[in-house]
Amino acid sequence: MRCVIIGGSEIRNYEMMRSYMRSDDFIIFCDCGLKHKDSLRVEPSLIVGDFDSHSRPDDMSNVIELPVVKDDTDTIFAVKEAIRRGFTEVLMTGVTGGREDMTLGNIYALLMLRNAGISAMIVDDYSEISLIRAGETKRVKYGWRFFSLLNITGKASGITITGAKYNVDGAEITPEFQYGISNEVTSPENDAVVSLKEGCLLLVCVR
């Protein structure tokens, strides 16, 4: 079973976002993420938040109310709750855009989820964001406008890209020099294939 975490950042293309939803998803709304409920046409399995940006729900039976002063943001608490409940897959939306600090914190939550053995992805109006770990291979299909590889952990080496406009073999991307931005899949018949031997990369597929 998959957990979907919905934050309060802007979602413009609700129709597209609904296409990612499954009927059996466990839905966690984070505080003002509740503003998306009617447009997404999903009901909360759980609501978490300190309700500093949204009114308290009338029905509190499926609510974890958090203190305003805390270490975790509402979204990070939801991520930890998904880990605690044993989900093997997490999809996050409404967690990017607006405040850059919140966006970066939520992107780094992908590392927390992957370190817990959970497959995770962030989806927004512009992109899909996921991680590639050492020893993994990911395929990027034709149709994305761009795809980018970003080093967010320290060292990423032994990077191989085939089937793209810019291919590499055994390359390294450092946090200081992020040259893996705006690559393209060139052929509708073949996917781009990305792998690395050491470290971790953020894969951003741009619409």
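These points cover two pockets and one helix pair in a predicted model.

1. Start with the largest pocket, which holds about 390 Å³ of space. Its lining consists of 20 residues, and those closest to the centre are Gly8, Cys32, Asp74, Thr75 and Met102. By class, five of the lining residues are nonpolar, nine are polar and six are charged.

2. Two helices contribute to this lining: H3 (74-84) and H4 (100-115) each provide at least two residues.

3. The same two helices also pack against each other. Two packed helices are described by the angle between their axes and the distance between the axes. Here the axes of H3 and H4 come within 10 Å and cross at roughly 15°. Angles under 35 degrees count as roughly parallel, so H3 is roughly parallel to H4. The crossing of H3 past H4 is right-handed.

4. On the H3 side, the contact is formed by Thr75, Ile76, Val79, Lys80 and Ile83. H4 brings Gly105, Asn106, Ala109, Met112 and Leu113. Of these contact residues, six are nonpolar, three polar and one charged. Thr75 thus appears in the helix contact and among the residues closest to the centre of the largest pocket.

5. The second largest pocket has a volume of about 330 Å³. It is lined by 19 residues, with Met121, Glu128, Ser130, Lys138 and Leu203 nearest its centre. The lining divides into 10 nonpolar, two polar and seven charged residues.

6. Strands supply residues to this second lining: E5 (89-93), E6 (119-123), E7 (127-133), E8 (137-140) and E13 (198-206) each give at least two. E7 has the largest share, with four residues.

Key: Residues numbered from 1 in each chain as written. Predicted model: local features only at pLDDT ≥ 70, side-chain atom pairs only at ≥ 80, totals over all residues. Heavy atoms only, no water. 1 Å grid on protein atoms, 1.4 Å probe; cavity = no way out; pocket = protein on both sides within 12 Å on 5 of 7 lines; lining within 4 Å. Points joined across faces, edges and corners; volume = space filled by probe spheres on them. Nonpolar A, V, L, I, M, F, W, Y, C, P; charged D, E, K, R; others polar. Axes fitted to C-alpha atoms, helices over the stretch in contact; angles between N-to-C directions. Parallel < 35°, antiparallel > 145°, perpendicular 65-115°, else oblique. Left-handed = near helix turned anticlockwise from the far one by under 90°. Contact = heavy atoms within 4.5 Å.
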